[in-house]
Structure formats: C-alpha cells, structure tokens
Amino acid sequence: MLDLLLIPAAILLGFALRAVRRGDHRLHGHLMAATVTVVLLRVVLHPRSLGRHHLLMWLVLMGAAGTTILLGRAALAWREGRSARAYLPRIHRAAGTFTLVLAVFTLALWFLRPR
C-alpha cells in the first residue's frame, strides 16, 4: 500500500523535468527536493518490508539524489552569477542522469522482488 507514495513522486519528477526544460531552475530544484522527500518518506515508513539488499539500493539511491541536489544548488549559484565555477552544471547533469538510471534500476528491483 505504501508503494502508492511512489506515484506522486513520479508526478513530481515529471513536473521537475518539465520545469528545467522551460528554464525555471529554482522550481526544478524545489520539485526535485519534494520528490526525494516523498521517496525517502516511503523508505522510512516501512523498513521491515525491505530486505538487506533492497535497503542498500534505496540508501545508495537517496545518497546519489542528495549529492545531485547539492550539486544542483552549486550549479544554480553559477547560473545566477554567484559563482565562477562554470563546470558545475555539467557535473550536475551527469549526476542527475546517474541518479535517474539508478532510480529506474532500484524500482525495477523493488517491483520484481518476490512477495
């Protein structure tokens, strides 16, 4: 039943990716933080159902998402002219792609687990 929390997370992710396409980088950051919060809430609410390897995958995913959010804050600072590090948006995009691939892999493992 708690897996239904992943539906709003997917919707938030879609809105966040649409916001970045439109150039609204602040809204993208807020929506991605909300997405990570909803997914983390799902993991925290019912840890008994998680096997050891599933818990490890979720924790790695949450670590990657947190790192990507921190890189996104630094990339936003560059976009707004508060930083001189022009390489940060590229690193943030690469970390975001890695996190998205890891999320797909983790969800596939999660939904294909034996009940």
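## The largest pocket

Start with the open space: the largest pocket holds about 1,200 Å³. It is lined by 39 residues, and His28, Met32, Thr68, Ile69 and His92 are the ones closest to its centre. Keep in mind that this is a predicted model.

Who builds the lining? Helix 1 (6-22), helix 2, helix 3 and helix 4 each chip in with at least two residues. By residue type, the lining splits into 23 nonpolar, 11 polar and five charged residues.

## Overall layout

Stepping back, the chain has four helices and zero strands, so reading along the sequence gives the pattern α-α-α-α. Its C-alpha trace spans about 50 × 20 × 20 Å along the principal axes.

Of the 115 residues in the chain, 33% are buried. The accessible surface adds up to about 7,600 Å², with carbon and sulfur atoms owning 70% of that. As for contacts with a separation of 6 or more, 62% are between residues 24 or more positions apart.

## A look at helix 4

Helix 4 covers residues 88-111, which makes 24 residues. How far apart should its ends be? At 1.5 Å a residue the expected span is 34 Å, and the end C-alpha atoms do sit 34 Å apart, so the two values agree.

The buried residues of this helix are Leu88, Pro89, His92, Ala95, Thr99, Leu102, Ala103, Thr106 and Trp110. Their cover includes helix 2 (25-45) and helix 3 (52-79). His92 turns up twice here: it is buried in helix 4, and it is also among the residues closest to the centre of the largest pocket.

Key: Residues numbered from 1 in each chain as written. Predicted model: local features only at pLDDT ≥ 70, side-chain atom pairs only at ≥ 80, totals over all residues. Heavy atoms only, no water. Expected span 1.5 Å × (residues − 1). Buried < 20%, exposed > 50% of the residue type's maximum accessible area, 1.4 Å probe, protein only. Contact = heavy atoms within 4.5 Å. Areas by Shrake-Rupley, 256 points an atom, 1.4 Å probe, with all protein chains shown as cover. 1 Å grid on protein atoms, 1.4 Å probe; cavity = no way out; pocket = protein on both sides within 12 Å on 5 of 7 lines; lining within 4 Å. Points joined across faces, edges and corners; volume = space filled by probe spheres on them. Nonpolar A, V, L, I, M, F, W, Y, C, P; charged D, E, K, R; others polar.
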